[in-house]
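Subject: Structure for you, with notes

Hello,

Here is the structure for your files. Please open it first, then read the notes below.

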Amino acid sequence: MAWYFPPEPFISSEILDIDTINLNLAAVQSEVGGELNEHNFASEALVGGEDNWDDGIGLRISSEPHEVDPLDVAVAETIQLRLSWVPLEGGSHVHVSRGGKALIIASFQISNSPSDLFDNPGLQFALEVDGSVQFGSLYGSGDMTNDYISDAANAIATPILTPGTGPGLRAKYAAVVLETVMYLPAGEHAIRVVARNLRLSSDAQVYQVSSQCEIIVLEGWA
Amino acid sequence: MSTMSFSFVEDGSALTGAEITNLLRIPEVVINDLEADSIRRGAFQEAHLGSLVRLAGASSPYVVGYQGSHIYSYTIFGAAVSYTPNTSFGANGSADRTTIGDPSSGGGYVGAGGPPMAIAFPTGLALGMQGHQTYQNVLGLLLSLNVEILDFELGNSDTIMTCLQFQTTTSPFWFTIDRSERFTSVKDRRHTSGGQISLDVPTRTLLGPDDLTAKGLAATSPITGVRAMVSIVNGAPGDSVTLRQCCLSAFPLHAKGV
């Protein structure tokens, strides 16, 4: 029970007044009838070991898995990179929120298209919620001095696996996880993984490939 | 939730013991039958997370396998444990992949091994919030895997594959979570000539009942374990990869799916 109960405690030898009794009990009524908050629950006693709670109390989850073999170019999903943000194929999800703070996770695979091995340093990825890029989830420097091109890769005698990599995102194959925590108002929310390439000299499309994208939303709504 | 029907004692009425008892019984009944709409939005925060993660491990509700100081050295002996592009995707068991840190599971190890990157749920953990049975009231397992690729000795191969697998009480086999397969290129990513690479490979996934049915299992099959696997794409005899700082976590979540 919250700390303000009873609002008007009786003292010894006080003559009981029915209005005060009603007031004190009305505080209980008000609290139980939809005003319970964090002061009413011990943090370790809410669910663990108890099975009487409704499934929706505390945590609501939605996710959208997307299974695509990253090594099968026939089913590859291209990222049509531009200077501005563009969504990844298979990287979208609609989450229905009841209002609360949410942890949003996107886990996926990227790779260079075999025909564009050396054209794609400078990649950045981020989560986008309702059209707004969440820069707290930004991944990738977009810095060509960091995502450098290694000419040594040209000498490797295995074309299908020639990486053409620098230490940045433009490796032939790389795994990426994006995460952010934000408050979601009640209602539907469109969540997408978006990418851009700051190194493009023009807005021409350059292709890379994404796959295996899974978006997970953990929302504490109560 | 029980309906709160609160009848005040009117001024001038007799305040008897029965009246007071009645006034107290009304909230007592309700508070013992709380439902979701009894709770103000925003009531719960991070301090309550411990209550929302079901106790499913031996010692902690956060079931974590952390192998920070071990170096896993893994050698491909031949094509039998080599990942083959376009045919190995989603393959189950350990024919073309091996458990990190477990010399008995495919492949072979050079140098130090370590505790297997596996988490067991000895009594089984049913997913999908299947009623309110103690220990099974879990929607899904949030799996988090980070693998650090430290070094490699590879011939023509360039790519390392990691993935997550699960096992149930209804089958002796380990099944791959297809979407957890991650590929990482390593060549030409050394920091200095002859140096190491220290690449982190992160993976997150939510294991749910649909993953069981996708493998031909009943959605109610209790999960008995999850583990992290590694392989070399187009590996050849003599190839090796050194891993370290691997971390596998499994969070059994009491929640509602929306």
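A definition to begin with: on a 1 Å grid over the protein atoms alone, a pocket is an open set of points with protein on both sides within 12 Å along at least five of seven lines, where a cavity is a set of points where a 1.4 Å probe fits but cannot get out. Lining residues have an atom within 4 Å of a point. Grid points are joined across faces, edges and corners, and a volume is the space filled by probe spheres set on the points.

This is a predicted model, in which local features need pLDDT of at least 70 and side-chain atom pairs count only at pLDDT 80 or more, while totals for chains, interfaces and linings use all residues. Residues are numbered from 1 along each chain as its sequence is written, chains are lettered from A and ligands numbered from 1 in the order written, and side-chain values use heavy atoms, without hydrogens and water.

The pocket

The second largest pocket holds about 300 Å³ of space. It has 16 lining residues; closest to its centre are Ser63(A), Leu206(B), Gly208(B), Pro209(B) and Asp210(B). Elements that give two or more residues to this lining are strand 1 (60-64) of chain A, and strand 10 (199-207) and helix 3 (209-214) of chain B. Helices (H or I, at least four residues) and strands (E, at least two) are DSSP runs, numbered from the N terminus. The lining has seven nonpolar, five polar and four charged residues. Ala, Val, Leu, Ile, Met, Phe, Trp, Tyr, Cys and Pro count as nonpolar; Asp, Glu, Lys and Arg as charged; the others, Gly among them, as polar.

Aromatic rings

There are five aromatic pairs over all chains. Phe166(B) and Phe175(B) have ring centres 5.8 Å apart and planes at 35 degrees, so this pair is tilted. The rule: rings of Phe, Tyr and Trp (its six-membered ring) pair if their centres lie within 6.5 Å; planes under 30 degrees apart count as stacked, over 60 as edge-to-face and the rest as tilted. Phe166(B) and Phe175(B) are both buried. Buried means under 20% relative accessible area, exposed over 50%, partly exposed in between (1.4 Å probe, protein chains only). Ring pairs also join Tyr173(A), Tyr83(B) and Phe183(B) in a cluster.

Chain A and two loop residues

Chain A has one helix and nine strands. Of its 222 residues, 53% count as buried. Asp130(A) has a positive phi of about 55 degrees, though not a glycine. Asp130(A) sits in the loop between strand 5 (123-129) and strand 6 of chain A. Asn86(B) also has a positive phi, near 70 degrees. Its loop runs between strand 2 (82-83) and strand 3 (98-99) of chain B.

Confidence

The model scores ipTM 0.79 and pTM 0.79. pLDDT is the predictor's confidence in each residue, from 0 to 100. Chain A has a mean pLDDT of 74. Chain B averages 76. Among the elements of chain B, strand 1 (residues 63-75) has the lowest mean, 45, and strand 8 (residues 175-176) the highest, 97. In chain A, residues 148-168 stay under 50, with 55 contacts beyond four places in sequence. In chain B, residues 56-70 stay under 50, with 47 such contacts. Contact means heavy atoms within 4.5 Å. Where pLDDT is low, the predicted coordinates should not be read in detail.

Best wishes
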